[in-house]
Amino acid sequence: MNSILSSVLPAPEDPILSVYYACRDDPSPVKLNLTAGTYQSEEGKPHVLEVVRRAEQQLANDLSWNKEYLPLNGLADFNKLSAKLILGDDSLAVKENRVVTFQCLSGTGSLRVGAEFLAQHHQQRVIFVPNPTWGNHPNIFNMAGLSVEHYRYYDPETRGLDFKGLLEDLGAAPSGAIVVLQACAHNPTGVDPTFEQWEKIRKIVRSKSLLPFFDNAYQGFASGDIDSDAQAVRMFVADGDECLIALSYGKNMGLYGERVGSLTIVCKSEDVAKKVESQVLLVVRAMYLTPPIHGAAIVTTILKNSDMYKDWTIELKGMVDRILSMRQELYEALQARGTPGDWSHIIKQIGMFSFTGLNEKQVRLMAKEHHIYMTYDGRISIGGLSSKTVPRLADAIHAVVTRIA
Ligand code: KET
């Protein structure tokens, strides 16, 4: 039969989701999925926050609640509270009415809406992302019509920040270029700049008139504290200049599948903010008309109520503390086995991931012989580990490192 669509070529696989699916299809009862950045319970099960369950219950009991269309920019309270979460309680930019926030489809949708807007209205189409970065960044920005380049970020030798390279590359970027900065808990490296380094980054960004686009997908996951994890962004906003911020509630509220996040754009003046808002709404209208209601209602319920907010921060800290103890246990298990190499980066790195340093061959062997799955760059999601699975992971790392250099 003749197919009109027969000339379509197969697309390359998503590097994160393809290993995720390979794990799903592995029949082994002892398989371990450390691929995607999702937090699992100590029992290795998907984890729904208590406070999220409570908020859902409250919504279900509220008969005044309905399912009408939201406005194009989403729930008004959600937007106000999301701007407050990232910019702080007494942000001058908010008081001066030069901040606009749009409820979008999680972090990815927020990045995409921002990218579409920039592709249409920003004079400079070049966007710099860190090397390495989250694998979907280049897709999102290329699809929107921006031209993606990399700035140096990670030094595999030191397993730390290549700060000199970073400053050199941003210093050489064309004026007006967009720069993607991961706000905290950098994915995949787990390496963040210090606050002094952030200040130097800010200076170079501003002196070159670069436009910062923050990807804030892990607020709370670096330090366990919502406000300290927002500090880098707030340093940029405090200088009065412009930036974009994509915020995700996927990880910090465990609302992965609800697809809830926000795009905040900080402008120089109220007048600019109004024009920007009108153009972003045009982008939104053509892409999906209005955002979904349920996830945003959950987030709003929690952020609005001081008791629930407090309970959320306690649960969030609990997740972060469990991740920290998994790092420690894994490090100690490798030490105890005398696994060749220095593994201290496992306890030094920040956030949900550890960039183990395992190479692709070793990663493939981990999957084939040990049924342990991670991304090919050697990244493991520490949130997917438990005290029960750490010894098995350490045994497997020990075995592959000893077998393949
Ligand atoms: N930014 C970063 C840095 C990021 O790691 C993710 C997700 C997102 C944005 C988007 O998340 P959203 O669910 O759209 O709010 N990262 C994980 C998910 C994946 O790629 O499958 C991950 O790296 O595992």
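**Exercise 1. Determine which side-chain atoms approach the ligand, and how much of the ligand the protein covers.**

Solution. Begin with D215, where an N or O atom of the side chain lies 2.6 Å from a nitrogen atom of the ligand; this distance, like every value here, comes from a predicted model. Turn next to the oxygen atoms of the ligand: one oxygen atom is 2.6 Å from an N or O atom in the side chain of N187, and an oxygen atom of the ligand lies 2.5 Å from a polar side-chain atom of S106. Then consider the cover, for which the ligand on its own has 530 Å² of accessible area, 91% of which the protein covers. Finally, place these residues in their surroundings: 17 residues lie around the ligand, and those that come nearest are S106, T108, N187, D215 and S248.

**Exercise 2. Work out the strand order of the open sheet and identify its edge strands.**

Solution. Seven strands form the sheet, and reading across it gives the order β2-β10-β9-β8-β7-β3-β4, with mixed pairing. The edge strands, each of which pairs on one side only, are β2 (99-104) and β4 (147-152). On average, and with direction ignored, neighbouring strands of this sheet are turned by 25° against each other.

**Exercise 3. Describe how β7 and β8 pair, and state which strands helix α3 lies across.**

Solution. Strand β7, residues 178-182, pairs with strand β8, residues 211-216, in the parallel sense over five bridges; within this pairing, I178 has L211 of β8 as its bridge partner. Helix α3 (residues 76-87) lies across β8 as well as β2, β9 (243-248) and β10 (261-266), and runs at about 115° to β2.

Key
Residues numbered from 1 in each chain as written. Predicted model: local features only at pLDDT ≥ 70, side-chain atom pairs only at ≥ 80, totals over all residues. Heavy atoms only, no water. Pairing = 2+ DSSP bridges. Helix = DSSP H or I, 4+ residues; strand = E, 2+ residues; numbered from the N terminus. Axes fitted to C-alpha atoms, helices over the stretch in contact; angles between N-to-C directions. Contact = heavy atoms within 4.5 Å. Near = heavy atom within 4 Å. Polar contact = N/O pair within 3.5 Å; in protein donor to acceptor, adjacent residues only side chain to side chain. Areas by Shrake-Rupley, 256 points an atom, 1.4 Å probe, with all protein chains shown as cover.
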